[in-house]
Amino acid sequence: KGVFYIDTRREKEYGPDLETIIIHGYDDMMKAEQDYPSSTLSWPAKDIDVVREIAAFIGVSLDPRTIPIINRGYRIQYPTGYSCRDTLGYIAAMYAGSFVMSDLGELRLITIHGIPPETRYLIDSDNAAITFGGDRILV
């Protein structure tokens with residue numbers, strides 16, 4: 001899902017009719033591991049402006065579904081000594097969420113309140129519902 005860059009590729013054969021390709025890849029979120037860039041914002045800056053600046057710095061678009069979520073106008077101090085990823089994590093935590101790269105390769109904030117109801121159930125490693133007394137457990 002999304003846009004990935006392949007770091008390594010390896011092929012394995014498990015028999016005459018079965019071959020597996022193993023890849024290691026990463027998305028554009030890896031670019032956010034850089035120190036926060038020099039900025040043209042007036043600090044302390046609004047959270048949405050900081051997110052827009054980071055998106056531009058790492059060369060991605062901001063997913064339009066993110067903009068209505070970041071609506072509190074929290075003021076952020078200049079993140080001296082922090083990476084863009086650290087700063088995104090800090091802002092995401094204020095909205096009970098996490099930044100991810102969307103299927104289109106855009107920076108997107110997913111909040112705990114924005115998770116679809118059908119995905120809020122506790123499951124095991126085989127994706128089977130965990131129940132308690134026959135009832136599914138909500139997370």
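Q: Let me start with one residue: is tyrosine 26 buried, partly exposed or exposed?

A: Happy to begin there. Relative accessibility is the value to read, and buried means under 20% while exposed means over 50%. Tyrosine 26 has 33% relative accessibility, so this residue counts as partly exposed. Please keep in mind that the model is predicted.

Q: Where does tyrosine 26 lie?

A: Tyrosine 26 is found in strand 2. The residue also helps to form a nonpolar patch on the surface, together with Val3, Tyr5 and Met30. The area of that patch is about 340 Å².

Q: How many aromatic pairs does the structure hold?

A: There are 5 aromatic pairs in the structure. In general, two numbers describe a pair of aromatic rings: the distance of the centres and the angle of the planes. For tyrosine 5 and tyrosine 26, the ring centres are 5.7 Å apart and the planes meet at 35°, so this pair is tilted.

Q: Which parts of the chain does the tyrosine 5 and tyrosine 26 pair link?

A: Tyrosine 5 belongs to strand 1 (residues 5-15) and tyrosine 26 to strand 2, so the pair links distant parts of the chain, 21 residues apart. Tyrosine 5 is partly exposed, at 33% relative accessibility.

Q: What are the distance and angle for the rings of tryptophan 43 and tyrosine 78?

A: Here the centres of the rings of tryptophan 43 and tyrosine 78 are 5.1 Å apart, with planes at 85°, so the pair is edge-to-face. Tryptophan 43 sits in the loop between strand 2 and strand 3, and tyrosine 78 in the loop between strand 4 (75-76) and helix 2, so the pair ties together parts 35 residues apart in sequence. Both rings belong to partly exposed residues: tryptophan 43 has 23% relative accessibility, and tyrosine 78 has 33%.

Q: Which residues do ring pairs link into a cluster?

A: The cluster is made of Tyr36, Trp43 and Tyr78. You can look for these side chains together in the viewer.

Q: Let us turn to charges. How many salt bridges does the count come to?

A: The count comes to 4 salt bridges. The general test is whether a side-chain nitrogen of Lys or Arg lies within 4 Å of a carboxyl oxygen of Asp or Glu. One of the bridges joins lysine 31 and aspartate 28, with 3.0 Å between the closest N and O atoms. At 33% relative accessibility lysine 31 is partly exposed, whereas aspartate 28 is buried at 8%.

Q: Which residue forms a salt bridge with arginine 85?

A: The partner of arginine 85 is glutamate 33, and their closest N and O atoms are 2.7 Å apart. This pair links distant parts of the chain, 52 residues apart: arginine 85 is in helix 2 (residues 84-94), while glutamate 33 is in the loop between strand 2 (18-26) and strand 3 (45-46). Arginine 85 is partly exposed at 39% relative accessibility, and glutamate 33 is partly exposed at 42%.

Q: Why are aspartate 49 and arginine 52 separated by about one helical turn?

A: Because they are 3 residues apart in helix 1 (residues 47-58), about one helical turn separates them. Their side chains meet in a salt bridge, at 3.9 Å from N to O. Aspartate 49 has a relative accessible area of 28% and is partly exposed, and arginine 52 is partly exposed at 39%.

Q: What is the nearest side chain of opposite charge to glutamate 106?

A: That is arginine 65, at 5.6 Å. Glutamate 106 is buried yet has no salt bridge. Its place is in the loop between strand 5 (97-101) and strand 6 (107-111). Beyond its neighbours within four places in sequence, glutamate 106 is in contact with Ser61, Leu62, Asp63, Pro64, Val100 and Met101.

Q: One last residue: is leucine 88 buried or exposed?

A: Leucine 88 has a relative accessible area of 2%, so this residue is buried. Leucine 88 is located in helix 2. With neighbours within four places in sequence left aside, its contacts are Met29, Ala32, Val51, Ile54, Phe99 and Leu107. For a sense of scale, leucine 88 and glycine 133 are 45 residues apart in sequence and 40 Å apart in space, C-alpha to C-alpha.

Methods:
Residues numbered from 1 in each chain as written. Predicted model: local features only at pLDDT ≥ 70, side-chain atom pairs only at ≥ 80, totals over all residues. Heavy atoms only, no water. Buried < 20%, exposed > 50% of the residue type's maximum accessible area, 1.4 Å probe, protein only. Helix = DSSP H or I, 4+ residues; strand = E, 2+ residues; numbered from the N terminus. Patch = residues over 30% accessible without salt bridge, like charges linked within 9 Å, V, L, I, M, F, W, Y side chains within 5 Å. Areas by Shrake-Rupley, 256 points an atom, 1.4 Å probe, with all protein chains shown as cover. Lys, Arg positive; Asp, Glu negative; His and termini not counted. Contact = heavy atoms within 4.5 Å. Phe/Tyr/Trp six-rings, centres within 6.5 Å; stacked < 30°, edge-to-face > 60°.
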